[in-house]
Amino acid sequence: MKTKSSTEPKFSTKTSAQADPALMELFIDCIKDIYWAENHLVKALPKMQKAASSGQLSAAIGEHLEETKEHVVRLEKIFELLGENVQAKKCDAMEGLSKEGEGIIETTEEGTATRDVGIILASQKVEHYEIATYGGLAQLAKTLGLEDVAEILEQTLSEEKAADSKLSTIAESDINYTAAKEA
Ligand SMILES: [Fe+2]
Ligand SMILES: [Fe+2]
């Protein structure tokens, strides 16, 4: 038996009118998931920033924190475009990744480059999760005919990629070398 019999269009975005409802629902669920994740990062990143001792690393995390706040706003814009209420759905993956980051801080010594290396590793796992999510969702948005939504997702995707490569540069340029000497 079908539970959804309403013929009322559920989504206000013009282009989504022809979208498959099940696929649309999956898409919105994933938006709720990454919305939770981004909000979680707004709280988690300051802890990472505070724990970092390299000025370069701390600045990079601080900059990405500001971008992350913007990612939250962009997702709210997407909910609006879809005619959906803003809603977060707990993202177990992001919770796990941020716990891992906290674990690294707990098990490394304050003020060491070793801790900084750990923070970079944990942060890059987060960025890669976001890259996978936004990359997949931007593609799905296109499939659903949501060009405006895809554009917003791609904007965030490019910032996640830039944050990831910046962390790689910081690790390569200085911190890994310093940490190796520290041992
Ligand atoms: Fe983000
Ligand atoms: Fe990010």
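Helices here are DSSP runs of H or I, at least four residues in length, numbered from the N terminus. Helix α3 covers residues 92-107 and contains Leu 97. The model is a predicted one.

Start with Leu 97. Its relative accessible area is 17%. Buried means under 20%, so Leu 97 counts as buried. Beyond its neighbours within four places in sequence, Leu 97 is in contact with Lys 125, Val 126 and Tyr 129. Leu 97 also lies 7.1 Å from Ala 122, C-alpha to C-alpha, although 25 residues separate the two in sequence.

Now follow helix α4, residues 113-143. Its 31 residues should span 45 Å at 1.5 Å a residue. The end C-alpha atoms are 45 Å apart, so the expected span and the model agree. Just after α4, Gly 145 adopts a positive phi of about 80°.

Helix α4 also carries Glu 127 and Glu 130, three residues apart, about one turn of the helix. An α-helix has 3.6 residues a turn, so residues three or four places apart point the same way. Both glutamates are buried: Glu 127 has a relative accessible area of 3%, and Glu 130 has 1%.

These two residues lead to the metal. The iron ion (ligand 2) takes protein donors from His 64 (NE2), Glu 127 (OE, listed twice), Glu 130 (OE) and Glu 160 (OE). The donors lie 1.9 to 2.7 Å from the ion. Along the sequence, the donor residues follow the spacing H-x62-E-x2-E-x29-E. Glu 130 has a further role in the geometry: it bridges the iron ion (ligand 2) and the iron ion (ligand 1). The two ions are 3.5 Å apart.

Terms used
Residues are numbered from 1 along each chain as its sequence is written. Chains are lettered from A and ligands numbered from 1 in the order in which they are written. This is a predicted model: local features need pLDDT of at least 70, side-chain atom pairs count only at pLDDT 80 or more; totals for chains, interfaces and linings use all residues. Side-chain values use heavy atoms; hydrogens and water are left out. Donors are N, O and S atoms within 2.8 Å of the metal (3.2 Å for Na, K and Ca); water is not among the atoms, so sites may look incomplete. Helices (H or I, at least four residues) and strands (E, at least two) are DSSP runs, numbered from the N terminus. Buried means under 20% relative accessible area, exposed over 50%, partly exposed in between (1.4 Å probe, protein chains only). The expected span of a helix is 1.5 Å times one less than its number of residues. Contact means heavy atoms within 4.5 Å.
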